[in-house]
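This report walks through selected features of one protein chain. Its topics are strand pairing, a disulfide and the surroundings of two side chains.

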Amino acid sequence: MKSSSLSLIAGTVALAAVTGFAALTAPGDPGPAEPKAAPRQPVERSSLLCPSPGRSDLAETTYTSFTPAADGGGGGEAGTAELMPSTGKAADDTGAGTADGKDENSKKDDKKDGKDDKKNDKNAKKADPSKPVVSLREPGKPATAEVSGADAPALVGTATGRLAPGWAAQQTTLVEAGARGLLGVSCSAPGTDFWFPAASTSKSREDYVHLTNPDDGAVVADIELYGPDGVLKSDGGEGVTVPARSGVRVLISTLTSEAVEDVTVHVTTRAGRVGAAVRTADESTGSDWLAASVSPAGTLVLPGIPADATSVRLVAFAPGDGDADLKVRLLGPTGTFAPVGHEDLHVKSRMTASVDLKDITKGEAGSLLLTPAKGGKGAPVVAALRVVRGKGDGQEVGYIPATAPVGAQATVADNRAKGSTLSLTAPTATATVQVIASAGSEGGEQVVKTYTVKGGTTLAVTPPVPSGLKGGYALTVRTESGGPVHAARTLSLPQDGVQMFTVQTLSDDGGTVAVPRAVQDLSVMDD
């Protein structure tokens with residue numbers, strides 16, 4: 001009996017190796033029941049990286065750290081969640097303070113930035129990398145910190161225990177003069193591959209790629225640039241070294257001699273991982289962060305176009321071997337519409353395509369949906385929107401990258417008593433979501449509200465505010481039924497007649513992982 005049992009086991013193992021599935025069934029047995037989904041368990045460790053805010057002495061930066069409270073209060077070890085300063089200042093990898101072709105005002109600004117860098121050198125020596133900038137103590141209540149000036153470093157963070165599942169952090173910088181703007185970015189997990197449509201090497205722009213290394217060894221990254229005619233010739237984008245636990249910023253206009261309005265930036269690492277973001281600055285519309293697009297896909301959703309947008313520009317890139325033909329649709333409050341004259345977009349392989357959608361929202365908040373023109377999966381693309389609010393001297397820019405769905409849960413930190421708008425988009429089917437306004441960082445009680453989003457529409461709401469709010473708070477969105485749902489938060493802080501704003505998209509926080517079920521131990525059989 002023992003030998004036959006071993007033969008049966010061997011056959012089962014071989015079957016599993018070929019098909020990925022195997023089962024032992026006795027004669028007359030109706031067979032195994034349908035396999036159940038693997039149970040999900042909270043993650044035990046999370047990592048986040050925040051780029052260096054910039055080089056302006058006038059910058060005022062707020063960091064907000066938050067972990068949603070688990071249903072039922074959670075359990076496990078208390079854990080820690082700390083955002084630590086990187087060990088070095090964000091250095092310019094190119095070694096050049098100016099880019100070729102910049103005007104005299106830009107050169108003056110760059111000279112001033114050089115003085116700021118010297119000041120940064122002095123401050124970097126005083127920085128204590130052993131002390132966190134922000135330390136979160138409990139789930140459900142945000143922790144905040146404020147930093148002024150040009151010397152704020154990139155931050156490297158780790159959360160453990162009960163503070164790890166769903167950990168989120170936001171970096172918001174207000175610059176009221178010069179390359180003014182409200183610059184917001186969600187601190188992101190490290191990775192190895194990033195796409196940034198809607199960057200630029202034009203003479204009116206100064207766009208920097210910020211790379212942050214969370215680990216103890218140096219990382220080598222490559223930066224590729226693609227314009228409307230394909231790859232841009234570059235001498236300095238290969239082999240960018242990012243020292244251990246440090247940040248590097250690269251002015252992309254120094255990587256090529258071509259001045260191009262719409263550029264797609266591709267960042268990859270040869271070994272190791274980095275955090276990556278693009279800090280944009282425009283002479284007339286100010287500055288903001290451009291976060292990475294979701295991974296290339298045939299269908300993309302770009303949620304949260306403000307109702308009062310005066311200019312919306314779509315930039316897309318097809319990284320594969322085939323061209324992409326896309327249908328462009330606006331998901332508004334009452335339904336789905338094709339923008340007149342811009343119903344379709346053709347994106348050639350490895351080329352950047354763009355289209356000016358102007359004031360597409362016409363006073364009603366919306367989201368953009370890109371789908372294959374001929375159905376099916378279509379050629380994969382990445383995309384982002386450059387959005388402008390205001391006119392003349394009062395213009396202000398923000399960016400909306402294509403984003404993944406909210407999934408089970410997604411969070412955006414740093415909301416204020418006024419100024420937040422939450423956009424919820426259900427591109428295919430009606431969905432119900434729960435929105436949780438956390439307790440305030442300095443006081444206030446959690447508030448929960450439920451919303452229904454009709455399929456093919458965008459619902460833009462003023463989100464709930466914690467009762468008795470003091471300080472800032474976080475918003476957590478959970479999908480209850482239907483969907484998928486895509487979401488974005490717009491934070492507006494008007495300053496001297498300028499509608500300063502920034503948009504952060506929300507995607508599943510990966511707070512839980514599937515844990516395979518235990519199976520019967522067949523290693524011991526009766527004789």
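## Strands, a disulfide and two side chains

Strand E20, which runs over residues 300-305, is mostly covered, since six of its six residues are buried. The model discussed here is a predicted one. E20 pairs with strand E26 (residues 366-372) in the antiparallel sense, over four bridges, and within E26 it is Leu 370 that stands opposite Leu 300.

An open sheet is formed by four strands in the order E25-E21-E27-E28, with antiparallel pairing. Strand E25 (352-358) and strand E28 (396-401) stand at its edges, and because each has a single partner strand, one side of each is left without a neighbour in the sheet. On average, and with direction ignored, neighbouring strands of this sheet are turned by 20 degrees against each other. Within the sheet order, E21 is placed next to E27; strand E21 (residues 309-317) and strand E27 (residues 382-389) pair in the antiparallel sense over eight bridges, and Val 315 stands opposite Ala 384 in E27.

Taken as a whole, the chain contains two helices and 39 strands. Of its 527 residues, 50% count as buried. The chain exposes about 23,500 Å², of which carbon and sulfur atoms supply 51%. Among contacts between residues at least 6 apart in sequence, 82% join residues that are at least 24 apart.

Which residues form the disulfide? The structure holds one such bond, formed by Cys 50 and Cys 187, whose sulfur atoms are 2.0 Å apart. The torsion about the S-S bond of this pair is about 105 degrees, so the disulfide is right-handed. The bond links distant parts of the chain, with Cys 50 in strand E2 (residues 45-50) and Cys 187 in the loop between strand E10 (181-186) and strand E11 (193-199), 137 residues apart. Both Cys 50 and Cys 187 are buried.

His 346 has its place in strand E24 (residues 344-347). Is His 346 buried, exposed or partly exposed? With a relative accessible area of 38%, His 346 is partly exposed, because that value lies between the limits of 20% for buried and 50% for exposed. Leaving aside residues up to four places away in sequence, His 346 touches Asp 323, Ala 324, Asp 325 and Ala 353. Two of these neighbours, Asp 323 and Asp 325, make polar contacts with the side chain of His 346 through their own side chains, as listed in the table below. The C-alpha atom of His 346 is separated by 9.9 Å from that of Phe 317, a residue 29 places away along the chain.

Ser 246 lies in the loop between strand E15 (240-242) and strand E16 (247-251). Its relative accessibility is 8%, and Ser 246 therefore counts as buried. A polar atom of the Ser 246 side chain lies 3.0 Å from the backbone oxygen of Ala 244, so this pair falls within the 3.5 Å limit used for polar contacts.

The polar pairs described for His 346 and Ser 246 are set out here.

| Group one | Group two | Distance |
|---|---|---|
| His 346 side chain | Asp 323 side chain | 3.3 Å |
| His 346 side chain | Asp 325 side chain | 2.6 Å |
| Ser 246 side chain | Ala 244 backbone oxygen | 3.0 Å |

Definitions and conventions:
Residues numbered from 1 in each chain as written. Predicted model: local features only at pLDDT ≥ 70, side-chain atom pairs only at ≥ 80, totals over all residues. Heavy atoms only, no water. Disulfide = S-S within 2.5 Å. Buried < 20%, exposed > 50% of the residue type's maximum accessible area, 1.4 Å probe, protein only. Contact = heavy atoms within 4.5 Å. Areas by Shrake-Rupley, 256 points an atom, 1.4 Å probe, with all protein chains shown as cover. Polar contact = N/O pair within 3.5 Å; in protein donor to acceptor, adjacent residues only side chain to side chain. Pairing = 2+ DSSP bridges. Axes fitted to C-alpha atoms, helices over the stretch in contact; angles between N-to-C directions.
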